[in-house]
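Could you walk me through the reasoning behind the labels in this model? I would like each term set against its cut-off.

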Amino acid sequence: MSLGHSEQPLGLVQPLNAARRPGDGAHLQSMRSTAELSRRPARAPDHEAENRALIALARDLAISPEGILQKLVDAALVLCRAHSAGISLLEDSDHRSNFHWRAIAGVWAPQLNGGTPRNFGPCGTVLDRNLALMCSHPERDFPYFGAVLPLLDEGLLVPFYVKGEAVGTIWVVAHDESRRFDAEDLRVLTNLGTFASAAYQAWLAAEAAAKAQREVQQSLSALRDSEHRLHAVLDALPAAVYTTDADGRVTYYNQAAVELSGRRPELGSDEWCVTWRLFSADGTPMRHDECPMAQALKQDRPIRGIEAVAERPDGTRVPFVPYPTPLHDASGKLIGAVNMLVDITERKRAEDQQTLMVRELHHRVKNTLATVQAIMGSTARSSETIEDFKTALTGRIGSLARTHLLLADEAQAVDFTEILRSELTAFDDGSGKRILISGPTVEISARLAVALGMAIHELTTNAAKHGALSVYGGRVEASWRVTIEATRRTLDFDWVESGGPAVAEPARTGFGTRLLEIVLPGQVQAKTRIVYASEGVRVHYEVPLPALPA
């Protein structure tokens, strides 16, 4: 009993328990939920390798769709670092009663064109439950797998669909404990599963085209049908894709290209690019006949490593990376080009955030030294002995360290009171008059906690360097309340200093002021008001909070 090269899986696999049906899947020992993956350590995403693979697949899809399934499993094998990878398809030729392995890569490659029964196997279980599953030693539930060597130690299976109907699975396999899959592998395989539906349609289109070539009288209609299917495939892709002829006139674009460019190009009229206006990464205007697609066609070579910015008719701009690639016919003649535009808005936003955080790190190091100096002075004034000084100083420096630890932990919500105490406790002399904190319990998400923590840190540091906490007898009052409306909540926060040096509006805008008046509104849509009253600084800000679950 083997899953070998035979084209007739029915003759290869016979269920040992004919009474077992898909409904019994809950009792299968070998099939497990993918929730387990989220508890495993996950490797870092390699978006660059993933993008290169998708670009190569898109190019193969346009040029040679008949081999796209094998190229897809080859990519799955590499991206998921698996020992084997494959695609299982339900086909109309046997009324979809069996899965056919039409593309396999890795150790199990000799099993090409084998298969398993639709109603008695791991792939069938995945379709029955309509979700991705893990599999381990399926021979425990499906004995025929015991003859397939090497054994399947751990597998990850993802279903894919065409027009809402499940037609197969894409899967990766580890044959021993040297490889264990994680949540990143599930993400990558799920994305490839989305592509698999398009690839499967392209494969079907290629099969139809090959048949049409053998039937000369139907060749023209088959080619038109193939082109229609190919466009349907490209329309299903999440990235912007368009093609041109050899002269640069746009001949096709998908819906994603419309969404990225903010316009619907004119076929046969628009040249070189689908975008309205173009700019280089540095903001310099770029003529369409100088764009990367124009270069690829004029130089007859793929263009890589360039970033550009598209401006939509409404004035919004989208940074993107183009991947223009020339297309040739069988004789090698240039017939046009295909281009994929990858939106890098999120990457640019992350880079901007990183730049801000580096600046904040440099600024915070200087502020931390000033804060330590202020803590030492305050501790010295309130300590009667060296031992008292040592104990108090150790506790306050520890409080400062806990603040940084609190801001570094983005895995959970944080009580707003804890954010305040982590900064202000070090300055509390125990009298109950120097630091006053009052307000209800409010859970702050990690994203808001980081921004608010930075703001509280700046207020505390400023008070320690120049305000109420810089002198003996100064006082800080921090109070807040939550306003609840029909569809939203708002955190209203007040910071009031008193008993410190006389206050005057600063001559220049420092980093802390920019953080409160510019960064905080930009990051969390807060409304900020700063009053430089002579008796002490007063700050009020309103921060939108997520609505409570219904």
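The turns below take the labels one at a time.

The model is predicted, so local features are kept only at pLDDT of at least 70 and side-chain atom pairs only at pLDDT 80 or more, while totals for chains, interfaces and linings use all residues. Residues are numbered from 1 along each chain as its sequence is written, and side-chain values use heavy atoms, with hydrogens and water left out.

Q: Why is Ser-422 called buried?
A: Buried means under 20% relative accessible area, exposed means over 50%, and partly exposed is in between (1.4 Å probe, protein chains only). Ser-422 has a relative accessible area of 10%, so it is buried.

Q: What makes helix H10 largely enclosed by the rest of the structure?
A: Helices are DSSP runs of H or I with at least four residues, strands are runs of E with at least two, and both are numbered from the N terminus. H10 covers residues 416–424, and seven of its nine residues are buried, so the label fits. The buried ones are Phe-416, Thr-417, Ile-419, Leu-420, Ser-422, Glu-423 and Leu-424.

Q: What makes Asp-415 a cap of H10?
A: A polar contact is a pair of N or O atoms within 3.5 Å; within protein, one must be able to donate a hydrogen and the other to accept it, and residues adjacent in sequence count only if both atoms are side-chain atoms. A side-chain oxygen of Asp-415 lies 3.1 Å from the backbone nitrogen of Thr-417, at the N-terminal end of H10. In the same helix, the side chain of Ser-422 reaches the backbone oxygen of Ile-419 at 2.8 Å.

Q: Why is Pro-501 called partly exposed?
A: Its relative accessible area is 32%, so Pro-501 falls between the two cut-offs. Pro-501 sits in the loop between strand E20 (489–498) and helix H12 (511–524). Contact means heavy atoms within 4.5 Å, and beyond its neighbours within four places in sequence, Pro-501 is in contact with His-466, Gly-467, Ser-470, Val-471 and Ser-534.

Q: How do you know that Cys-273 and Cys-291 are not bonded?
A: A disulfide is a pair of cysteine sulfur atoms within 2.5 Å. The sulfur of Cys-273 is 5.0 Å from that of Cys-291, its closest cysteine sulfur, so the pair is too far apart for a bond. Across the whole structure, zero disulfides are found. Cys-273 is nevertheless buried, because its relative accessibility is 4%.

Q: Why do strands E1 and E4 count as edges of their sheet?
A: Two strands pair if DSSP finds at least two bridges between them. The open sheet runs E1-E5-E6-E7-E2-E3-E4, with antiparallel pairing. E1 (31–33) and E4 (115–117) each have a single partner strand, so one side of each has no neighbour in the sheet.

Q: What makes E2 and E3 a pair?
A: Seven bridges join E2 (residues 84–90) to E3 (residues 98–106), and the two run antiparallel. Leu-90 stands opposite Phe-99 in E3.

Q: What makes a set of residues a nonpolar core?
A: The set must consist of buried Ala, Val, Leu, Ile, Met, Phe, Trp, Tyr and Cys residues joined through side-chain atoms within 4.5 Å. The largest such core has 56 residues, of which Ile-68, Leu-72 and Val-172 touch the most other members. Helix H4 (residues 183–214) gives the most to this core, with eleven residues. Apart from it lies another core of 38 residues, including Leu-469 and Val-537.
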